[in-house]
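Subject: Handover of a structure and of what was found in it

Dear colleague,

I am writing to hand over the structure shown below. Please keep it open while reading the notes that follow it.

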Amino acid sequence: MRSACQLSEVKVSSPHKVVGIVGMHRSGTSCLTGSLQAAGLYLAEIHTWNPHNLKGNRENQRFVDLHDNILAANGGSWDCPPREVAWRPEHVATARELLEEHGSQRFFGFKDPRTLLVLN
């Protein structure tokens, strides 16, 4: 198993530009993300419908799961965030895998309000 230091040294093929759409729930981020997608931003597989947002929240479930796992590993959740967040090596590895999967894309985007809670 690699240490966190070794993980940071691993070269990955990532998109030329990664656009992270961040903002709290119900703040217009779904609308913005849909507009960016219509303008050509690649989002991969996203939610395009849910009962609370008929046009979809445009979230990639794999990013949501990663962020939920990070929050849970730090004793929190999206609605009860921890004071501090530390990424474990497996979280870093998962993030790198997600970016590598979309490395052939010039522009790749993701939207998840939890991002605000897991990054410094």
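V22 has a relative accessible area of 40%, so this residue is partly exposed. Please bear in mind throughout that the model is a predicted one.

**A nonpolar patch on the surface**

V22 sits in the loop that runs between β1 (17–21) and α2 (29–38). Together with M24 and L116, V22 makes a nonpolar surface patch of about 250 Å².

**Pockets**

How much space lies in the largest pocket? The value is about 260 Å³. Its lining is made of 15 residues, and those closest to the centre are H25, R26, S30, N53 and N57. By class, this lining divides into nine polar, four charged and two nonpolar residues.

The second largest pocket holds about 180 Å³ of space. Its lining consists of V18, F63, L66, H67, W87, A95, L99, F110, T115, V118 and L119. Three elements each give two or more residues to this lining, namely α3 (61–73), α4 (89–101) and α5 (115–118). The largest share comes from α3, with three residues. Here the classes are nine nonpolar and two polar residues, with no charged residues.

T115, one of the residues that line the second largest pocket, belongs to helix α5. Is T115 buried or exposed? Its relative accessible area is 5%, and residues under 20% count as buried, so T115 is buried. T115 and S35 are 80 residues apart in sequence, and their C-alpha atoms are 20 Å apart in space.

**A cavity**

The structure also holds one cavity of 30 Å³ or more. About 40 Å³ of space lies in this largest cavity. Which residues line the largest cavity? They are M24, H25, W78, P113, R114 and L117. Four of these lining residues are nonpolar, one is polar and one is charged. Two names in this list have already appeared: M24 helps to make the nonpolar surface patch, and H25 is among the residues closest to the centre of the largest pocket.

**Salt bridges**

How many salt bridges does the structure hold? There are five, and three of them are described here.

In one of them, the side chains of K111 and E59 meet at 3.1 Å, N to O. K111 is part of strand β2 (residues 107–111), whereas E59 is in the loop between α2 and α3, so this pair ties together parts that lie 52 residues apart in sequence. K111 and E59 are both buried.

Another salt bridge joins the side chains of E101 and R62, at 2.5 Å from N to O. E101 lies in helix α4 and R62 in helix α3; the pair therefore ties together parts that are 39 residues apart in sequence. E101 is partly exposed, at 43% relative accessibility. R62 is also partly exposed, at 41%.

A further salt bridge is formed by the side chains of D112 and R114, at 2.5 Å from N to O. D112 has 0% relative accessibility and therefore counts as buried. R114 is buried as well, with a relative accessible area of 10%. R114 is also one of the residues that line the largest cavity.

Some of these residues belong to a wider arrangement: a network of salt bridges links E59, D68, K111, D112 and R114.

**Backbone angles**

Most residues other than glycine have a negative phi. Against that background, which value does phi of A44 take? It is near 65 degrees, which is positive although the residue is not glycine. A44 is placed in the loop between α2 and α3, and A44 is partly exposed, with a relative accessible area of 23%.

R58 likewise has a phi near 65 degrees, again a positive value in a residue other than glycine. R58 is also found in the loop between α2 and α3. Its relative accessible area is 17%, so R58 is buried, because the cut-off for that class is under 20%.

I hope that these notes will help you to find your way through the model.

Yours sincerely,
A colleague

How values were computed:
Residues are numbered from 1 along each chain as its sequence is written. This is a predicted model: local features need pLDDT of at least 70, side-chain atom pairs count only at pLDDT 80 or more; totals for chains, interfaces and linings use all residues. Side-chain values use heavy atoms; hydrogens and water are left out. On a 1 Å grid over the protein atoms alone, a cavity is a set of points where a 1.4 Å probe fits but cannot get out, and a pocket is an open set with protein on both sides within 12 Å along at least five of seven lines; lining residues have an atom within 4 Å of a point. Grid points are joined across faces, edges and corners, and a volume is the space filled by probe spheres set on the points. Ala, Val, Leu, Ile, Met, Phe, Trp, Tyr, Cys and Pro count as nonpolar, Asp, Glu, Lys and Arg as charged, and the others, Gly among them, as polar. Helices (H or I, at least four residues) and strands (E, at least two) are DSSP runs, numbered from the N terminus. Patches are made of residues with over 30% relative accessible area and no salt bridge: like charges are joined within 9 Å, nonpolar side chains (Val, Leu, Ile, Met, Phe, Trp, Tyr) within 5 Å. Accessible areas come from the Shrake-Rupley method with a 1.4 Å probe; for residues, only the protein chains shown count as cover. A salt bridge is a side-chain nitrogen of Lys or Arg within 4 Å of a carboxyl oxygen of Asp or Glu. Buried means under 20% relative accessible area, exposed over 50%, partly exposed in between (1.4 Å probe, protein chains only).
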